[in-house]
Amino acid sequence: MKRIIYILSLIALVLFSNAAYANDAKTDEAEKESLDVKEVIFHHLGDGYGWEVPFSHVYRIPLPVIVRAEDGKWFCFSSAKLTEVTVTEDEVTGKKHESLEPVIHEVEKDGKIYRFYIAHVSEHKNKVVEVFPLTAEEQKKAQADALALGAEKGEGAGHVVLPGYVLIGHDYYREYRTFDISITKNVLALFIAAILVTWMVMSVVRFYTRKGMKAPRKGMGFMEMLIDFIYTGVIKSSLGAKAGKFAPYLLTCFFFILTMNLLGLIVIFPGGANLTGNIAITLVLAVATFVITNVLGTKHYWKEIFWPDVPLFLKFPLPIMQMIEIFGIFTKPAALCVRLFANMMGGHMIVITLTLLIFIFAAFGAAALGASTVVSVLFTCFMLLLDVLVSFIQAYVFTLLSALFIAAAQEDGHHEKGHESVEA
Amino acid sequence: MELFTPDFGLVFWMFIAFIILFVVLAKWGWPVILKNMDERADTIDKGVEYAQQAKHQLDHAREEAQKYMEEAQAKQAEMLRDAAKMKTQIIEEAKQQASVEAQKVMDAAKVSIEQSRKEAELQFRNEVSKFSIEIAEKMVRNQMKDDAAQVKLVDKLLDEIENN
């Protein structure tokens, strides 16, 4: 019975994709031509000023943009003001086509007009920049420079990135990359993840304060199992008596990373933000581990760095070991940062690429489209499941390695020598 | 390469969010959970230990009861034996005592009989001597009725004294 359902759903998938293709084939000619795979992938992996709504290409949940202009004034406005939905009607079929176009948002403050724009053809692509109109002469000069630069690089006039300028329509504007602490999609996802983690942990706390010694069941039991898994399996086993001191940091790390990872895999709001696949996030986490490791490091730890137990010629007069050890201080958290970032970004990228295969193969006709749809969907599901596993493993690995680094810096040197610091 | 350059805004918010999350959870979250988990683990350990002990004790209790029972039976047997012994002993003692008493009584009887016999003897002697004196007096009176007899006797007695 189950097998029949599988087969039927596969057939439905093929037919449906073909039908969709047949419908869209005529109208989306222009869009199909401009399917820029790289652009789509990077858009999904990157940040955004609005949050996409499911099943819509143009409508976004507006989020607050907080920027500081060139002259030091702060501005806060909705990201919806930076974009506009333009509706173009196809002359032949009469079908309406909506697209999202960036527009200049003008704000008047203290008698001065400030203009903000989401740059596209600029050095600061997809960021909010403050733009300044050029005078006619400056415009001419900029155009000429752009032409020269375009000729040099062999690019068309409409796509030349002129440093310090942004192309809007056909005109160049001088740009200033604003000091930008907007609540972007990633920032909001971050807050959601933080609130979720707080809620999960606090619900367990509430359970304890209410029911005392009773064992939690179901979801609460799962939370407790995870906490116990990390606390006993990772923190206690590597830090021993000092487990209590570092457990809050490591547990927070684990649950925060896990939540962000899993939220990133949910396609629609409130998920879908590629958080841990963003190097800014992993950087902060790695820096936190770095700071805790080194600030709370024992005397013995620093002694091992500056005067390790090795033959004299390795540390004096040429400080070879010292150099290696100091280098190691930085590479360990850097590895943490890059590992988490690369794993999560890689996972997202593969899923997006597999999904995009459908659209790429669509160019080869209905049969190719049907086949590639089935294959893509199967592979995408598989990859997503794998990513769930990776989400857990990476959160675990980050916590485990952080615990080991901290443990290595907490050695007293009393017990014995030869306890090598653990390398990543 | 925008993927590899950290965005300042995100770093800023991540820093703030992470610090707040950490402070909140480190203050009100994890310590409570870890303490409770440890406590519960201890309680469960103690419970298991207690149960094991109880089972152990129960197993032992049966053995001990058996032992006590055997001991009690042994004691009972011993007591019975003792009682029997004591009974015979008591009877023996009683018998002995009775015989001793009887002997005493008999001895006393003998002594009293002897005494009464002696008294009787003494009395009898006194009586006999009294009778004999009376008889002798009577005989003497009879014999001494005439004066000749009396003179004769006095002579005879005087002879005897002279002979001596």
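Colleague: Before we talk packing, what puts two residues in contact here?
Modeller: Two residues are in contact if their C-beta atoms, placed from the backbone, lie within 7 Å. Keep in mind that this is a predicted model.

Colleague: Great. What do the buried residues of α8(A) pack against?
Modeller: In chain A they pack against α7 (243-265), α10 (320-361) and α11 (366-408), and α1 (8-143) of chain B joins them.

Colleague: Which residues of α8(A) are the buried ones?
Modeller: They are Ile279(A), Ala280(A), Ile281(A), Thr282(A), Leu283(A), Val284(A), Leu285(A), Ala286(A), Ala288(A), Thr289(A) and Thr293(A).

Colleague: And how many residues does helix α8 of chain A have?
Modeller: It has 17 residues, 279-295. From first C-alpha to last, α8 of chain A reaches 23 Å, close to the 24 Å expected at 1.5 Å a residue.

Colleague: Let's switch to chain B. What is its secondary structure?
Modeller: Chain B has two helices and zero strands.

Colleague: What does its C-alpha trace span?
Modeller: Along the principal axes, the trace of chain B spans about 200 × 30 × 25 Å. Its radius of gyration is 64 Å, whereas a compact globule of 164 residues would be near 15 Å.

Colleague: How much of chain B counts as buried?
Modeller: Just 8% of its 164 residues.

Colleague: Back to where the chains meet. How many residues does each one bring to the contact?
Modeller: Chain B gives 30 residues and chain A gives 39 residues. On the chain B side, 23 are nonpolar, four are polar and three are charged.

Colleague: New topic: what is phi of Asp110(A)?
Modeller: Phi of Asp110(A) is near 50°, a positive value in a residue other than glycine. Most residues other than glycine have a negative phi.

Colleague: Where is Asp110(A), and why does it count as exposed?
Modeller: Asp110(A) sits in the loop between β7 (105-109) and β8 (112-118) of chain A. Asp110(A) counts as exposed because it has 7 C-beta neighbours inside 10 Å, and the cut-off for exposed is 12 or fewer.

Colleague: What about Asn126(A), what is its phi?
Modeller: Asn126(A) is not a glycine, yet its phi is positive, at about 65°. Asn126(A) lies in the loop between β8 and β9 (128-132) of chain A. With 16 other C-beta atoms within 10 Å, Asn126(A) is partly exposed.

Colleague: Last one: how is chain A divided into domains?
Modeller: There is domain 1 (55-180) and domain 2 (185-408). Taken over C-alpha atoms, the centres of those two domains of chain A are separated by 36 Å.

Key: Residues are numbered from 1 along each chain as its sequence is written. Chains are lettered from A and ligands numbered from 1 in the order in which they are written. This is a predicted model: local features need pLDDT of at least 70, side-chain atom pairs count only at pLDDT 80 or more; totals for chains, interfaces and linings use all residues. Helices (H or I, at least four residues) and strands (E, at least two) are DSSP runs, numbered from the N terminus. The expected span of a helix is 1.5 Å times one less than its number of residues. A residue is buried if 20 or more other C-beta atoms lie within 10 Å of its own, exposed if 12 or fewer, and partly exposed in between; C-beta atoms are placed from the backbone. The radius of gyration is taken over C-alpha atoms; the globule rule is 2.2 Å times the number of residues to the power 0.38. Ala, Val, Leu, Ile, Met, Phe, Trp, Tyr, Cys and Pro count as nonpolar, Asp, Glu, Lys and Arg as charged, and the others, Gly among them, as polar. Domain bounds come from an automatic or database domain assignment.
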